[in-house]
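Got the viewer open? Let's take a short tour, one selection at a time.

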Amino acid sequence: MLNLKVVREHPEVVQAALEKRHTSAPLGELLQLDEERRRLLSEVESLRAQRNQVSQQLGRQKERPPELIAAMREVGERIKELDGRVAALDAGIERLLLYLPNIPEESVPVGADESENVVVRRWGTPRGFHFEPRAHWDLGEALGIVDFPRGAKIAGARSWVLKGDGARLNRALIAFMLDLHTRQHGYAEVATPYLVKPECMVGTGQFPKFVDEAYTVCSDELVLIPTAEVPVTNLYRDEILAPGVLPIYHVCHSACFRREAGAAGRDTRGLIRVHQFDKVELVKLVEPASSDDELERLVDDAEEVLRALELPHQVKLLCTGDLGFASARTYDPEVWMPGQGRYVEISSCSNFLDFQARRASIRYRPAAGARPEFVHTLNGSGLAVGRTLAAVLEYYQQPDGSVVVPPVLRPYLSGQEVIRPPAS
RNA sequence: GGAGGGGUGGCCGAGCGGUUGAUGGCAGUUGUCUUGAAAACAACCAGGUGGUGAGCCUCGGGGGUUCGAAUCCCUCCCCCUCCGCCA
């Protein structure tokens, strides 16, 4: 959520941001409601001041002039009427404000869509193959470690079942990532609910605009999380963090649930775009002055997983047209998937500045006795586990259909070096 | 699911219709004293809006009664205890 004061005083900045994002919002209507609200507010406040003063006076003295009480009754009725109008305006302003996207940072490249994202670096050179590399869905099914037909049978399209070494590899990846981030990068591990209240989704920016992309449990008015970013960031909602507790770094493994509405026809096969997947998420709450640096280190922490797995990858800086609603700056690490012949997004690391903190009301006290200020929040996948599993299968495949286990994962698989097809 | 108890400032805990946004204690900040620390003493010490002003709002949320509500009424939410069920 943007600071209403900024919107009021610099509407041209907000308008420019909307244009750079190739989107629109009823900014004029918002400003009009705000002006009206401020006008009524000053009127109702002076009436209230008058009533408070008279009531206090009546409490102090013995005689209660009936005409004064009658006059105050009328003032009270007028206050009630104005209060109603202010409340209606409040609701309207709040709603419009919740639909305004974040303002991209100055250094974010301006562009219309994903084709104008900028590759900022590449790591590693994809190895050559003496044979035609297979897609992970073919490999996985041939190895007997992934079962898409049965996934579809029990949960519909875009579902999967991992079996045997596939399930073990998934588990190994999760454990490896959690260990790396807790031991090497200083993140504190948390495990949080997968079902959250809708206000958490508002807090991180998914709601109200993107309700169609989430699964909601209507009977209990809860929402299945699309990412652990939601519960982990909201851990601190409505709090004022004491001096010295920032920065907070959390890592959290969770299942993630996405309806993928509007993605019909895209990545229909395999593990790339599914309704449920595991993800290890990195979340940071920091002081505003450090959030730029913190984002760079966050991306590096995510990339470290790919470097450790020796998977070639590149990092893209998203342009304004492809930037997420709540983000001011986003880097997308993309892994090379030889079976696809392309780089595939495997993480997304964003700095939200105080956008989420305002929505979720997460503040900190810079020093004892100082006024509370909004924190800056950041998060990024470190990494999406299903896609990482797919990338490992495709990149480490051998001509006979077996898959070499990346050395760094072997301790998590009882030393196993190769995943082989079932003996036939 | 059934029965009972309870939600007040960072924490504990008063208030139960009238200068109470809120007594007191603890914690915290600053100052005096001290070589330093402790102790003692003094001041400050909830959030929002506003200009670190006045004013206004907030005692779990919402609504009502009243000139006036933390205090009375209605309603919803949450927490705790016991019973039932359950991994």
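Begin with Asn52 and RNA strand B: an N or O atom in the Asn52 side chain sits 3.0 Å from a phosphate oxygen of the strand. Keep in mind as you click around that this is a predicted model.

Next, pick Glu45. Its side chain has an N or O atom 2.8 Å from a base nitrogen of RNA strand B. Then jump to Arg371, where a side-chain N or O atom is 2.7 Å from a base oxygen of RNA strand B. As for elements, H3 and H4 are the ones that give two or more residues to the surface near the RNA, and H3 has the largest share, with nine residues.

Now show everything around RNA strand B. You should get 21 residues, with Glu45, Arg48, Arg64, Arg73 and Arg371 the closest. On the RNA side, 69% of the strand B atoms within 4 Å of the protein belong to sugar and phosphate. Color the surrounding residues by type and you'll find eleven charged, seven nonpolar and three polar.

Select helix H3 by itself, residues 27-60. Its end C-alpha atoms are 49 Å apart, which agrees with the 50 Å expected for 34 residues at 1.5 Å each. Which residues of H3 are buried? Leu27, Leu30, Asp34, Leu40, Val44, Leu47, Val54 and Leu58. Turn on H1 (4-9), H2 (11-20) and H4 (66-98) to see some of what covers them.

Last stop: His250, in strand E7 (residues 248-257). His250 is buried, at 8% relative accessible area. Its side chain makes a 2.8 Å polar contact with that of Tyr236, and its other neighbors include Tyr187, Val232 and Glu281.

Conventions
Residues numbered from 1 in each chain as written. Chains lettered and ligands numbered in written order. Predicted model: local features only at pLDDT ≥ 70, side-chain atom pairs only at ≥ 80, totals over all residues. Heavy atoms only, no water. Helix = DSSP H or I, 4+ residues; strand = E, 2+ residues; numbered from the N terminus. Expected span 1.5 Å × (residues − 1). Buried < 20%, exposed > 50% of the residue type's maximum accessible area, 1.4 Å probe, protein only. Contact = heavy atoms within 4.5 Å. Polar contact = N/O pair within 3.5 Å; in protein donor to acceptor, adjacent residues only side chain to side chain. Near = heavy atom within 4 Å. Nonpolar A, V, L, I, M, F, W, Y, C, P; charged D, E, K, R; others polar. Lists of a residue's contacts leave out its neighbours within four places in sequence.
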